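Q: Please give me a close look at a single part of this model, residue by residue, and then follow its contacts outwards into the parts that surround it. Please state the cut-offs behind the terms as you go.

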Amino acid sequence: MHSQQKFAKSFSIEFFPPKTQLGTENLRNTRITLAELKPAYISVTFGAGGSTQEGTIETVTEIQTSGIPAAPHLSCIASSTEQLREILMLYKANGIRRIVALRGDLPSGTQSLGELRYANELVEFIRQETGDYFKIEVAAYPEVHPQANSASADLSNFKRKVDAGADSAITQYFYNPDAFFRFVDDCEKRQIDIPIIPGIMPITNHKQLARFSDACGAEIPRWIRKRLEDFGDDLESIKSFGVDVIIKLCDTLLSQGAAGIHFYSMNKVQPTQEIWQALKLNERYISKDL
Ligand code: FAD
């Protein structure tokens with residue numbers, strides 16, 4: 001059993017801010033249905049440089065008002081500290097208690113990097129501005145961040161975020177549990193002692209997943225890729241295979257001590273609901289908003 005076992009379990013869900021009226025209505029229905037799972041919180045992504053700022057704020061406010069704790073993502077690249085301060089104050093005024101603090105990726109065509117270059121600087125800034133008011137989540141990369149000089153440099157950079165005051169971490173998605181447990185062991189050796197929650201990306205669409213994975217450096221194992229190729233455009237078979245793979249992955253992670261699961265829902269009820277219910281997360285574990 002793993003050292004992460006000592007932490008209370010956290011089961012959470014991620015949304016992205018919708019761009020259209022129809023998207024907003026669909027997401028509202030998704031949120032109402034997924035609320036029945038009683039997630040510890042729902043997080044909402046944020047486009048670097050504030051490109052989705054309004055959408056993130058609106059989505060987060062609606063979630064929080066509905067009674068589910070909301071966790072806005074906040075990225076620092078291409079933003080000024082003044083902009084970041086304003087957003088933090090707005091969240092504080094709206095009773096939001098949790099932030100997912102990120103560097104973000106520079107949008108193409110953006111000239112200015114902003115004042116804070118890395119996520120550890122953002123964590124430090126949030127602590128300076130708001131003390132212990134927010135629970136701060138940061139990103140972790142069991143398969144190594146694509147821009148890192150080495151696995152060990154990436155781990156040292158992860159530690160900077162923890163030392164700056166992060167309370168817990170959510171990982172980039174992965175399909176190889178060994179990569180996760182190796183990462184967690186390496187963290188323990190470096191005295192990093194916070195919950196590291198696996199981020200889980202359901203498998204629903206081969207081409208989209210391949211594109212995402214190339215961009216963020218997540219590996220799709222060959223045995224999964226080959227089967228997805230075989231299914232071609234047969235979306236039903238992809239979905240049923242995907243649900244089966246993810247249930248087994250989550251079961252392995254949780255039975256070996258992972259401190260919860262963060263579902264990248266892609267704003268859809270399925271397959272998050274199906275996986276959550278098949279794993280009996282609410283019956284088997286007590287989920288807490290940490
Ligand atoms: P950092 O921790 O700053 O690391 C970025 C790179 O720089 C790494 O290679 C690291 O090793 C290196 N590094 C870090 N600190 C230092 C330092 N002090 N000196 C030198 N090198 C350093 N993106 C969005 O735009 N919006 C989102 O809402 C969003 N949500 C995400 C949620 C999760 C759970 C995850 C895992 C990722 C998310 N991303 C999001 C993507 C993320 O912004 C990118 O992966 C980005 O490239 C890195 O962000 P970070 O916070 O991990 O950066």
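A: Helices and strands here are DSSP runs, numbered from the N terminus, with H or I over at least four residues for a helix and E over at least two for a strand. This is a predicted model, in which local features need pLDDT of at least 70 and side-chain atom pairs count only at pLDDT 80 or more, while totals for chains, interfaces and linings use all residues. Residues are numbered from 1 along each chain as its sequence is written, and side-chain values use heavy atoms, with hydrogens and water left out.

The part examined here is the loop between strand 9 (260–264) and helix 10 (272–278), where Ser 265 has its place. Met 266 lies in this loop, as does Asn 267, and Pro 271 is likewise placed between strand 9 and helix 10.

The setting comes first. The protein has 11 helices and 9 strands. Its radius of gyration is 18 Å, close to the 19 Å that the globule rule gives for 290 residues, so the protein is as compact as a globular protein of that length (the radius is taken over C-alpha atoms, and the rule is 2.2 Å times the number of residues to the power 0.38). Along the principal axes, the C-alpha trace spans about 50 × 45 × 40 Å. Of the 290 residues, 50% count as buried, which is to say under 20% relative accessible area, with exposed meaning over 50% and partly exposed in between (1.4 Å probe, protein chains only). Among contacts (heavy atoms within 4.5 Å) with a separation of 6 or more, 81% are made by residues 24 or more positions apart.

Ser 265 is buried, at a relative accessible area of 2%. A polar atom of the Ser 265 side chain lies 2.7 Å from the backbone oxygen of Glu 14, and a polar atom of this side chain is found 3.0 Å from the backbone nitrogen of Asn 267. Both are polar contacts, pairs of N or O atoms within 3.5 Å; within protein, one must be able to donate a hydrogen and the other to accept it, and residues adjacent in sequence count only if both atoms are side-chain atoms. Apart from its neighbours within four places in sequence, Ser 265 is in contact with Ile 13, Glu 14, Phe 15 and Thr 272.

The backbone of the loop has several features that deserve a careful look. Met 266 has a positive phi of about 55° although it is not a glycine, and its relative accessible area of 25% makes it partly exposed. Asn 267, not a glycine either, has a positive phi of about 65°, but Asn 267 is buried, with a relative accessible area of 13%. Further along, the peptide bond from Gln 270 to Pro 271 is cis, with omega near 5°.

On one side the loop meets strand 1 (residues 10–15), in which Ile 13 is found. Ile 13 counts as buried at 0% relative accessibility. With neighbours within four places in sequence left aside, the contacts of Ile 13 include Ser 265 and Thr 272, together with His 262, Phe 263 and Trp 276. The list for Ile 13 also has Leu 34, Pro 39, Tyr 41, Ile 42 and Ser 43. The C-alpha atoms of Ile 13 and Ala 35, 22 residues apart along the chain, are separated by 9.8 Å.

The loop also meets helix 1 (residues 21–35), where Thr 30 has its place. Thr 30 is buried, with a relative accessible area of 6%, and its side chain reaches the backbone oxygen of Asn 267 at 3.1 Å. Asn 267 thus has its backbone nitrogen 3.0 Å from a polar atom of the Ser 265 side chain, and its backbone oxygen within reach of the side chain of Thr 30. Beyond residues up to four places away in sequence, Thr 30 touches Asn 267, Lys 268 and Val 269, and also Phe 15. Phe 15 is in turn one of the contacts of Ser 265.

A step further out, the C-alpha atoms of Thr 30 and Glu 58, 28 residues apart along the chain, are separated by 16 Å. Thr 59 lies in helix 2 (residues 53–65), and it counts as buried at 10% relative accessibility. Leaving out neighbours within four places in sequence, Thr 59 is in contact with Pro 17, Pro 18, Leu 27 and Val 44.
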